[in-house]
Amino acid sequence: MQSFDIAGLKAAYDNAAMTPAQVLDQVYERIAAQGERPVWISLVTKDQALAQLSLAPKGRLWGIPFAVKDNIDVAGMTTTAGCPDFAYVPSRSAHVVECLQAEGAILIGKTNLDQFATGLVGTRSPYGICSSVFSPEHISGGSSSGSAVAVASGLVAFALGTDTAGSGRVPAAFNNIVGLKPSKGLLSNRGLVPACRSLDCISIFANTCADALAVLDVAASFDPEDAFSRPAGGAGQSAAWPAGFRFGVPVSGLEFFGDTQAEALYGDSVKRLEDLGGQKVLIDFDAFAQCAQLLYSGPWVAERLAAIEDFAATKPSSIHPVVRSIILGAKDISATAGFKGFYRLAELIRAAQGQWARMDVLLLPTAPTTYRIDEVLADPVRLNSNLGLYTNFVNLMDLCATAIPAGFTADGLPFGVTLLGPAFADGRVASLADSLHRALAEARLGGGQALLAATPPVGVSATPDKIAIAVVGAHLAGQPLHGQLTERNARLLGSARTATGYSLYALAETQPAKPGLVFDATGLGRIEVEIYEMDAAAFGSFVALVPPPLAIGTLRLDDGRLVKGFIAEAHGVKGARDITRFGGWRAWLAAKP
């Protein structure tokens, strides 16, 4: 389905093309179509969201729907940290949530996570396992699984996650969105259930770097109530990098665990950054790699135990088995081992400084590969460790990072890269990441308009006893005839775009207003559709409602797959207005006077 983006929503509000209340209608229709689990742990009701809107100040994020990971407090809503027996109801929201709502953002709910934010996989939750929006068989990434999927599924415009070892970046890569991990202390952690308190960062998921920076500008604020908060004026401000900026690439030591397609996509990103004027510098990655190993093999695991020590001692059986083995395994870490770990970290940071003297930013894969859910369940610790190879060291070394989409493998799975920089270079790093994101998107579209928030592909082969159908106009979510689908218990599979060769017309004198989609072999195509599945009896009764000149035929999607869908007879569009260039019915409705 069409993703929400902050810039687009604000423009629609300014032009009176759409209201925040209409957006909330779409949000809750989409959630109802998709189901609450496993993305959400708790939801604000639609009436409560509308009540928020009625009281919301018209600030920088007015009317923008967002979600928060359920280890971040929201006043009056249960915080579970992914563990039902740990749950409590705070009387006060986290500092970051207060900042966002003070600028008019509308909270939709709290999202699923790897329990106690321990994991990069998204499989360690009693509330269900999130999958990648591109494949139900593959992991969503974690621990901020629900937040990433909520953004990638078009349920909210942005979401808060957390990032200690990569939890705000790996899920972004596996769901083709942006993940901004700010400098430590830039966003207050008051109201966050800690994982490793000295390393934790609240992070931001969005569809574009510009959106992530817009949220960062609102959320970043020194908080004297948080002992780890650090003032950093201007860290969120973007600035253009001069031509000839230096970006680091490991001369050796890159590991993709046999994923040659991921390796090739990383190489494409390196070349594209050079095309943007960057100077590639080959660096020694050894200090970074050794630091990454410290996070789970060193004393910082004891910080996870310190965060929930009393609960772990009294209710160990309430903790997910994999999480329990990690956290309780820290009981034998001595103070001596702790100090040795700090000494070793200082040595590695000093060694890395020599490499930073040669580069302005570091370009890395966000994750070396991805895994199926069943693979992770069978080998949870080793595969999780593999995923942290390029993320685990970042907070230990006090760096900032922005993860962006960087292409797809042949089987349709997304790949991502991350740009990293020194603490409080957040805006500059995100600005450069935005340029790379756009360049990569333009390259994938052959130089055409960049599609920054790529729509997940849809498995149009519905379940065996179901029939899939693509809708293009008045049956889209939020449109007047959508009820004809919901009353037949149709389930949304996702959104897609048609192949080229299709033209879209605004039909005259239809009630409600409808478009006509025609294959004429000359149209620009790439028309937005939503694909639903329903049983045969429901499909038959639905087709019986279709009035001429519309009919149900076979559509070709832009990835070559075929699906049943709405088409118009050629005679029915004579004299109708050609609206193909808008790319879809919703975009036409938003743009027309």
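Helix α9 passes helix α13 in a left-handed crossing, and I should say at once that we are looking at a predicted model, so please hear everything that follows as computed from it. The two helices, α9 covering residues 286-297 and α13 covering residues 335-356, pack at an angle of about 155°, with their axes 9 Å apart. Because that angle is over 145 degrees, α9 counts as roughly antiparallel to α13.

As for which residues make this contact, on the α9 side we find Ala287, Phe288, Gln290, Cys291 and Leu294, and these meet Gly341, Arg344, Leu345, Leu348, Ala351, Ala352, Gln355 and Trp356 in α13. Sorted by class, the contact of α9 with α13 has nine nonpolar residues, three polar ones and one charged one.

Let me stay with α9 and turn to leucine 295, which is found in that helix. Is leucine 295 buried or exposed? With a relative accessible area of 3%, leucine 295 is buried, because the cut-off for that term is under 20%. If we leave aside the neighbours within four places in sequence, leucine 295 is in contact with Thr164, Ala165, Leu199, Trp300, Val301, Asn392 and Leu396. Leucine 345 does not appear among those contacts, although for orientation the C-alpha atoms of leucine 295 and leucine 345, which are 50 residues apart along the chain, are separated by 9.9 Å.

Next, the backbone, where two peptide bonds deserve a careful look. The bond from glycine 142 to serine 143 is cis, with omega near 0°, and serine 143 lies in the loop between β5, residues 135-139, and α5, residues 145-152. The bond from proline 548 to proline 549 is likewise cis, in this case with omega near 10°, and proline 549 has its place in the loop between α18, residues 536-543, and β19, residues 550-556.

Finally, two residues have a positive phi. Alanine 16, although it is not a glycine, has a phi of about 60°; this alanine lies in the loop between α1, residues 6-14, and α2, residues 20-34, and with a relative accessible area of 66% alanine 16 is exposed. Phenylalanine 424, again not a glycine, has a positive phi of about 70°, and lies in the loop between β13, residues 414-422, and α16, residues 426-444. How exposed is phenylalanine 424? Its relative accessible area is 28%, and phenylalanine 424 is therefore described as partly exposed.

Key: Residues are numbered from 1 along each chain as its sequence is written. This is a predicted model: local features need pLDDT of at least 70, side-chain atom pairs count only at pLDDT 80 or more; totals for chains, interfaces and linings use all residues. Side-chain values use heavy atoms; hydrogens and water are left out. Helices (H or I, at least four residues) and strands (E, at least two) are DSSP runs, numbered from the N terminus. Buried means under 20% relative accessible area, exposed over 50%, partly exposed in between (1.4 Å probe, protein chains only). Contact means heavy atoms within 4.5 Å. Axes are lines fitted to C-alpha atoms, for helices over the stretch in contact, and angles run from 0 to 180 degrees between N-to-C directions. Angles under 35 degrees count as roughly parallel, over 145 as roughly antiparallel, 65 to 115 as roughly perpendicular and the rest as oblique. A crossing is left-handed if the near helix is turned anticlockwise from the far one by less than a right angle, and right-handed if clockwise. Ala, Val, Leu, Ile, Met, Phe, Trp, Tyr, Cys and Pro count as nonpolar, Asp, Glu, Lys and Arg as charged, and the others, Gly among them, as polar.
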